[in-house]
Amino acid sequence: MKKHRQVNVSLISPGELVEALHYGPYSRYWWHLLSDLNKDSNETVYLPIRVQQKSKIILNEHEFIVTIVAGNKENNNFLPGYLCQSENIVEIANDPTNAISEVYFKIFETKTRYSGVQIMGWNDENIIKELCKDVFFVPRLISLEQIKIFVYGVGYSSRTDWFYAGLGYKSSLLYKYHGNTMVLFISKIEETKCILEIHQNQKCKRIIEGESPIDVWKNSDLIKKFNGNQLFGIDNHMIQSLNQKQKVPTCSPQEWDNYSNMKSLFNFHLRRRTIANINWHQLFVKWKKQESPLIELNNELQKIYPVDYQFSSRELGAWKTFLRAAGAHDVTPWTYETSQYQFWSNSSCPKQDYALLTQLYQMGILVENSTQTFWQCFNHALKDNKKNFDGKRRILSIIADDFTYDELQENLGVGRHTILESRKYTRTNGHGAPVLNKPTFHRTKFVPEQLKQFELFFSTKEHVNMSSYKTDHKSGLPVLYLQDHKQALWNQFHEKYPNGMKRTSFMTQLNGKRFVYKENLGGLCSECNECGYQVFANIEELININITNLLLRQLNVSQNGIAVHNSCLSHCLRHAFGDCEEIHSNTCINCKNLFIFFKNLKKHLPLDQHENLDGYQKQLIAFMSHHARKIYLNAQLPAILSQLDDDEALMIVDYKMRINPKKARETKDEWFGKHTKQDAWFTASSLHGVLETLEKKPKYITIISDNGGHYHNTELMIILSHWKEWYDVCINKWIFLEAGEAKSTIDSHHAQITHAIKRYVKLGYKIASGEDIEMAIKGLSGTHVANLQPNREQEAGYIYARPLPKFGELNKFSPNKIQKIVKNRIIVKPDPIISEHSNPQKSWNIPKIDHQDTDTIESLENQMNELKITDVDSINETEIDLERKSWEIFISGWALQQNQKTREPVKRIPIHVKNLLEIMFHAGTANPRKKMTAAEMRSELLQRVQEGEIDENEVPKESTIANWITSFSRGWKHAMALQAMEAAEHSSIEETEKLSQN
């Protein structure tokens, strides 16, 4: 037996009974079963869970107050909630145990739990007696095998087929509906019909009516094991007894002198709802003796009750029911809200009394019509004010929320718009209050230096990734995808610029649609998002952070664009590019985690998946090598910018395709077929146009582009070797970035070009030629626009090339080698047709990147050596295997593109296996019953493997067989069609010859 801690509970307030809750559809949740009292009785004893009951408990010298409210933790207003408060801590729960336990835990940080029954005082006889004081009916619970029927209302009728149940009878039960969903079935009996309501999720889903409970449940087609009388609960003997006790006694005014009859009416209707020791019978005796059949109820009741006695609405209702049962009639022609005076008549023709009182009321004799006076006064106030914001609307705002549109229009003659604006005025300024003065905000503008710092910070790929086609509609600038969350970016910004803009200003600048951190998943419910997709997203993020990113973050490049040596094998960029002669004696633990991860996966996966895991590991290493090259190549742009002098220039080259909006855009093949050919000659012609445009030509040029075939080709390099002769310009180097990594400052102009062209098209223009593009974008800042048409009738030193800047062996192309490559073709200077370029109104200034707080190569190496590393001599045998694995993978030059082999060689279907497949295919063509699917063909091949006809490694995959069936079927149909055509032609020729002979 559980022992509960003894606590002292005091009842602050007993609360109140709410008829809609305690005797409504969800009443079974508002009564507490007293288990201790039910042990000694066959009947169930319930205690009402009263709204606003307050109990006070002292625990560990802390005061806890638990209050019952309507509405639980899930905001279900039909169910009780328990609000526990101690000092400033407030918690709401669905039961008192959890409510006080959660508050107790927040105060003392212990998981001590207290009994909710004990906390509420529901085991204290005095508190129980106080809570049950004014309960006029206690519900009953009856069992029908596993079904529990809760009866919360009884009534009497003379119908024997209803077992004498009548108006007011109500019960409920819980049962499954449309599957395993538990719903609430509400049974009611009205005067002439029975009703069954089905409630689900606090809503009435279905209503079924019938002449009897049996008809109702039969029409529902539910719970066919029992009949309707059993499911209503009216055939239970205890319920039948309660219903028969509800037989309403009545009498006529002529019987008011019979005290015994009147006493039975009083006991039935009023005794339990009013105070004792009142001379209630005197009211009826005096009423019968007076000449007038009318009395004013409130005035008569004050004569038999104590002075200043306050009547509750329940008690007044009981008096009215008592009077009706005694044969009296309510003849009051107005509502209780209009006046508290209530007239009753004991006449046999009460309609005459009602008509007389109605006429007197309309004449204003009986009751002063204060309602009409109110509307008249308010109408005068509206007329005396102007029709503006501070006039009629302010006056009308006093009552606008308390009356409907129709009431205000009928009594005041105002329009619906005025009423709407008056309600808005109420929400903004209050009921009839003066107009609030809007506060004046004084904002300090950013100084140019702060804006420059913000622009520089978000110009590097370390912090943002620039979109090449999305633009912010408000500013027209390209969308930037943040590489980290805003707080982390603020920490980095504040560390770099401690005297820059403040945090609030920084966060405000990031507002809007230009800076994007993460796009939300749409169309997912919260459960799917949090428990499904988000779990795998978190696992992916953990792998990304702890395995991939942790390896890549240690790859360092100095501010001069020089790769930094690291003693760890996989963290050394120089070793990754095959140009490091120093010793790598240490192995980073985080690097080994990559192999441990895949090794642990192999332990828990079947053997047939190990080959796929090895392939995934190779692809991951290729991904890391790609990022290693990205880190190194992306560092070249700021390094080159910081090293430029007056005689040098940096040229960033990229193509802007897909000019038209998506709806009006042609396919790629159509565009290239009609307009241009994206090759080396077009690139050379474009560069010629740029050089001819420059007012001051530099002596040396460095070019950066992506790794596209129209840039990275021998023909273009040969053309560039003549630049010194043609333009007196020397090419320092051409840096080819990784695929998709040409996102630089030029992309901001590409995004602005897209925005300008979209606007141009929306204005009604068309983009049909190069001149149209020139007209659309000629006003962009720092952008010279010209229409170029290469002259393809004239298509046509040493050249040095290497895989990466400063890495790899230089391939030396002599003039003789170049002549062999070009053969007899003569390389001539491009001479395209170039229109006169436009001159922008605003210049484009690129801020020079300022390296602040940079470390030297030596300090970077010291930081890398401080990382947690493991000496090769101190590892065990298991780690030796991982160490050997890392040395096999991270070989010298592992990050170079030519060393990446991520794809397996294509495996062809052997000829003799193809012959077997063709036999199976033709067998199915000849006899459709023998037609085989790809899976069935593969099973047949595996059968032949067991017979020793073919080898197992020669059996193709099911998907490969399916693809073969598609291609072979297409070719076979084509061959059959040609054969049929030849046969038809041959037959036609023979028929023609026969006709000619005849």
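Reader: In what kind of crossing does H36 pass H37?

Author: In this predicted model, H36 passes H37 in a right-handed crossing. The axes of helix H36 (residues 934-946) and helix H37 (residues 958-997) come within 9 Å and cross at roughly 115°. On the side of H36 the contact is made by Ala934, Ala935, Met937, Arg938 and Leu941, and on the side of H37 by Glu958, Ile961, Ala962 and Ile965.

Reader: What classes of residue make up the contact of H36 with H37?

Author: By class, the contact has seven nonpolar residues, two charged residues and no polar ones. Arg and Glu count as charged, so Arg938 and Glu958 are the two charged members of this contact.

Reader: How many aromatic pairs does a search of the whole structure find, and why do Tyr104 and Tyr114 count as one that is edge-to-face?

Author: The search finds 42 aromatic pairs. Tyr104 and Tyr114 have ring centres 5.4 Å apart and planes at 65°; because a pair needs centres within 6.5 Å and edge-to-face needs an angle over 60 degrees, both conditions are met. Tyr104 belongs to helix H3 (residues 96-108), whereas Tyr114 lies in the loop between H3 and helix H4 (116-120), so the pair ties together parts that are 10 residues apart in sequence.

Reader: What makes Tyr104 and Tyr114 buried?

Author: The relative accessible area is 4% for Tyr104 and 9% for Tyr114; because buried means under 20%, both residues earn the word.

Reader: How do you know that Phe457 and Phe458 form an edge-to-face pair?

Author: Their ring centres are 5.0 Å apart and their planes stand at 85°, which means that the pair satisfies the limits of within 6.5 Å and over 60 degrees. Both Phe457 and Phe458 are also buried.

Reader: Why is the charged end of Arg159 said to sit over the ring of Trp162?

Author: The charged end of Arg159 is 4.0 Å from the centre of that ring; because the distance limit is within 6 Å, this part of the test is passed. In a second case, Arg273 lies over the face of Phe136, at 4.8 Å from the ring centre.

Reader: Why is His32 called buried, and which residues is it in contact with?

Author: His32, which lies in strand E2 (residues 31-33), has a relative accessible area of 18%, and because the limit for buried is under 20%, the term applies. Leaving aside neighbours within four places in sequence, His32 is in contact with Val45, Tyr46, Leu47, Ile49, Val117 and Trp122.

Definitions and conventions
Residues numbered from 1 in each chain as written. Predicted model: local features only at pLDDT ≥ 70, side-chain atom pairs only at ≥ 80, totals over all residues. Heavy atoms only, no water. Phe/Tyr/Trp six-rings, centres within 6.5 Å; stacked < 30°, edge-to-face > 60°. Helix = DSSP H or I, 4+ residues; strand = E, 2+ residues; numbered from the N terminus. Buried < 20%, exposed > 50% of the residue type's maximum accessible area, 1.4 Å probe, protein only. Lys NZ or Arg CZ within 6 Å of the ring centre and 35° of its normal. Axes fitted to C-alpha atoms, helices over the stretch in contact; angles between N-to-C directions. Left-handed = near helix turned anticlockwise from the far one by under 90°. Contact = heavy atoms within 4.5 Å.
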